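Dear colleague,

I am handing over the structure below, together with notes on what was found in it. Please read the notes with the coordinates open beside them.

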Amino acid sequence: MSAVPPSLLCLGLCLSQSTWAQKALPGPTVPQRSPVTLLCQGPKRADGYKISKVGSPEPLDKEEETTPRKTNTLTIAEMTVDKIGLYHCSYQRGGRWSQFSDPLQLVMTGAYDKPSLSSVAGTVVAPGEKVKLQCFSKISYDVFILTKGDDDHTQNQSSAPQDGRHQSIFLLNPVSSTQAGTYRCYGAFRQDPYVWSGPSDPLQLQVEGTTDSPSSTQPRRSPGEWLSLGGKLKRDSVFPCL
């Protein structure tokens, strides 16, 4: 088995009230036992950094017990259950500590068997059409999470029993060109919201009339292996009930 490259996550902050999250590769959903590096973004002349788990009274390494970190990165060698959750960071400059950054969530995937994902209307649809994506599994997951492309958290819904399995229906309507792309879904349990199943097989949704929609005679493209994440991460981006 080939080695999995480390994930690179970014936590952005400044001394003002404005905080943000930068681009991350491959995203905040990390396969179990894979490495991940947290990057705290502050000004170039920062004196030190603190990267910590939200709500945790203990520093993430012994160095922080006596002095601020001189580097703005923290590497987790293996993603395990004790490393999941929300992380934030702050930097020191001129003897003052900044506010904490907005939290960045780390989710471990691959803990359970993957669910299945299908499109009721098929994978090539017309603009304006109502599309239902169905995520289902024989495992009694409490919640299914649908992601698109960069593993941005698109939707999450409680599962319901149906014909001997558990499922959720995700609505994309009316569909437009912006909703074309590669979708996956995961299963999870409410008591462990940051521990997800393996991803479903990718589903490539194509919208007619868009540049990446093939004609009926052309083969469909294989989805890419690597994902990227951009934009601000919200506190409630996974489970609003937290």
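Strands, like helices, are taken here as DSSP runs numbered from the N terminus, with strands (E) needing at least two residues and helices (H or I) at least four. Asp163 lies in the loop that links strands β14 and β15. The model is a predicted one, in which local features need pLDDT of at least 70 and side-chain atom pairs count only at pLDDT 80 or more, while totals for chains, interfaces and linings use all residues. Residues are numbered from 1 along each chain as its sequence is written, and side-chain values use heavy atoms, with hydrogens and water left out.

To stay with that loop, Asp163 has a positive phi of about 55° although it is not a glycine, and at 73% relative accessibility it counts as exposed (over 50% relative accessible area, with buried meaning under 20% and partly exposed in between, for a 1.4 Å probe and protein chains only). Arg33 is likewise a residue other than glycine with a positive phi, here of about 65°; Arg33 lies in the loop between β2 (29–31) and β3, and is exposed, with a relative accessible area of 56%.

The two strands around Asp163 belong to an open sheet of four strands, in the order β9-β11-β15-β14, with antiparallel pairing, where two strands pair if DSSP finds at least two bridges between them. Because β9 (116–119) and β14 (160–162) stand at the edges with a single partner strand each, one side of each is left without a neighbour in the sheet. Neighbouring strands of this sheet are turned by 35° against each other on average, direction ignored (axes are lines fitted to C-alpha atoms, for helices over the stretch in contact, and angles run from 0 to 180 degrees between N-to-C directions). β14 and β15 (residues 165–172) pair over three bridges in the antiparallel sense, and Gln162 stands opposite Arg165 in β15.

In the loop between β15 and β16 one finds Pro174, and the peptide bond leading to Pro174 from Asn173 is cis, with omega near -10°.

As for the interior, a nonpolar core is a set of buried Ala, Val, Leu, Ile, Met, Phe, Trp, Tyr and Cys residues joined through side-chain atoms within 4.5 Å. The largest such core has 24 residues, and those with the most contacts inside it are Val36, Leu38, Met79 and Leu106. Apart from this core lies another, of 18 residues, including Leu133, Leu146, Val175 and Val207.

With best regards
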